[in-house]
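Visitor: I am new to this structure. Please take me through one part of it closely: the protein surface that lies near the DNA.

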Protein chains: 2
Amino acid sequence: MTTRPGAAARPSLTERRKAETEREIARHAAELFSAHGAAGVTAEGIAQAAGVSLRTFYRYFRTKEEAVTPLLTGGVRQWLAELAAAPAELSVAEALERAVRGALTPQGPHADLQAEALESTRGLLRAAGGDPALHSVWLRVHAETEEALVPVLGQLSRQDTDPLELRLAAAAANAAMRIAMETWAAGEAGPDDPARGPASLAVRCLRGLTAGVRTPRA
Amino acid sequence: MTTRPGAAARPSLTERRKAETEREIARHAAELFSAHGAAGVTAEGIAQAAGVSLRTFYRYFRTKEEAVTPLLTGGVRQWLAELAAAPAELSVAEALERAVRGALTPQGPHADLQAEALESTRGLLRAAGGDPALHSVWLRVHAETEEALVPVLGQLSRQDTDPLELRLAAAAANAAMRIAMETWAAGEAGPDDPARGPASLAVRCLRGLTAGVRTPRA
DNA sequence: CGCCTGGATGGCACGTTGTGTCATCCAGGC
DNA sequence: GCCTGGATGACACAACGTGCCATCCAGGCG
């Protein structure tokens, strides 16, 4: 709890260590899940690999499977951030496209980290196919994303937009993102493939929704 | 008890008993969850209320929370069934609307059962708000619905429809159904309210998606 | 510098979850 | 009546997740 006015210069040493251990746990959890399946890994195994006690593990994450959420939410956070910072003259659809490209295309100083996060996401999605509990984490992440998307879209839309319609738009945009990731994870393309990468797929999904949902004829 | 001659029971006695106990477990689970929250109920408690052993409980359901899935999937099953039986001359949007009305409007010989299922769904959704594990069940049910929706929509669409687009349409239709239920559960209207009932809301959601997602301007 | 306080951690105990295994019981067919 | 497959119950057990307390360390105070 920092009640400091102004931008905090540096998170205290303790804070940094906490963030570091959380990330460490998440990394090992994802690696173990991808290798042996979530059912084949114990919480104690993750804790040992991360160098913490079992008790500490459960102070960071409520369940064994949720340990991977930091890796899954990384791209989403950036997506929301870019979307919230979109210029006002863009249409909602354009803003969504740009933000998606920015969030799913490994670029900038953290390109390596982003590509790594995408790869581990793919590994987790594949492991989630055979593991209901792990799959639920994926669903939960997107449920929270959908919720977080509502006020952001509200900011980008006319102020008299029907709240229900706003929520539907959030669900649709989120579904596009989710399905793009799932489709990409099922394939072979690398995270920076210009044609079959996640960014390209996500844009296709967004356009498919805004154009094609009002399905033509029977 | 002796089987009644005449009124032919196609499924054997054993089969009927299994279906009965499953339903019994689900009913008691939903009731207990709605009353005390999922976290405040033990699997043993549900088993005792349903009159089975704990071991038997876990033969029917993999987890404590999944015990309520039969109640949540009831409406969905009917939705898919009606959709699959839609006349070919209807557009996809019209078919979706009709099927939704049929599935969410208590009617016919089982109107009471349907209304009861809707009510328990509402209770469960409210309990799920404060319980991640229970909420995950809701999400999982809809994830499976989305998957099941793909081939059904494929049947209603042109045969050269892009599979990705099909999947997006399934996700959108499913999201409309889900959000309608969540919105209804958060309100006060009864299950057969003609204006604010689930059926009416679902139709509004479907139309909002097919018309409004291609959101206009900022 | 030594003291103290708050927060993070580890160890332990415990109730609960979920599964493997075996014995029992009953419906349905010979 | 007998037999058999499937459903159930009882027990044991690993793993999950939490409450509780002792310990340790960063950072502020005299």
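Guide: First, a word on classes. Ala, Val, Leu, Ile, Met, Phe, Trp, Tyr, Cys and Pro count as nonpolar; Asp, Glu, Lys and Arg count as charged; the others, Gly among them, count as polar. By that scheme, the surface near DNA strand C has four nonpolar, eight polar and eight charged residues. Keep in mind that this is a predicted model.

Stay with strand C. It has 20 residues around it, and those that come nearest are Ser53(A), Thr56(A), Leu13(B), Thr63(B) and Lys64(B). Chain A gives two or more residues from each of H1 and H3, and chain B does so from each of H1, helix H2 (43–50) and H3. H1(A) provides the largest share, four residues.

Now turn to DNA strand D. Here 20 residues surround the strand. The closest are Thr42(A), Tyr58(A), Thr63(A), Ser53(B) and Thr56(B). From chain A, helix H1 (13–36), helix H2 (43–50) and helix H3 (54–60) each supply at least two residues. From chain B, helix H1 (13–36) and helix H3 (54–60) do so. The largest share near strand D is four residues, and it comes from H1(B). By class, the surface near strand D divides into four nonpolar, eight polar and eight charged residues.

One record helps to place this region. An unreviewed UniProt entry lists residues 19–79 of chain A as "domain: HTH tetR-type". Over that stretch, chain A is 72% helix and 0% strand. The end C-alpha atoms of the stretch are 21 Å apart.

Technical notes: Residues are numbered from 1 along each chain as its sequence is written. Chains are lettered from A and ligands numbered from 1 in the order in which they are written. This is a predicted model: local features need pLDDT of at least 70, side-chain atom pairs count only at pLDDT 80 or more; totals for chains, interfaces and linings use all residues. A residue is near a molecule or strand if its C-beta atom, placed from the backbone, lies within 6 Å of it. UniProt positions are given in the numbering used here, feature names are shortened, and annotations may be inferred rather than shown by experiment.
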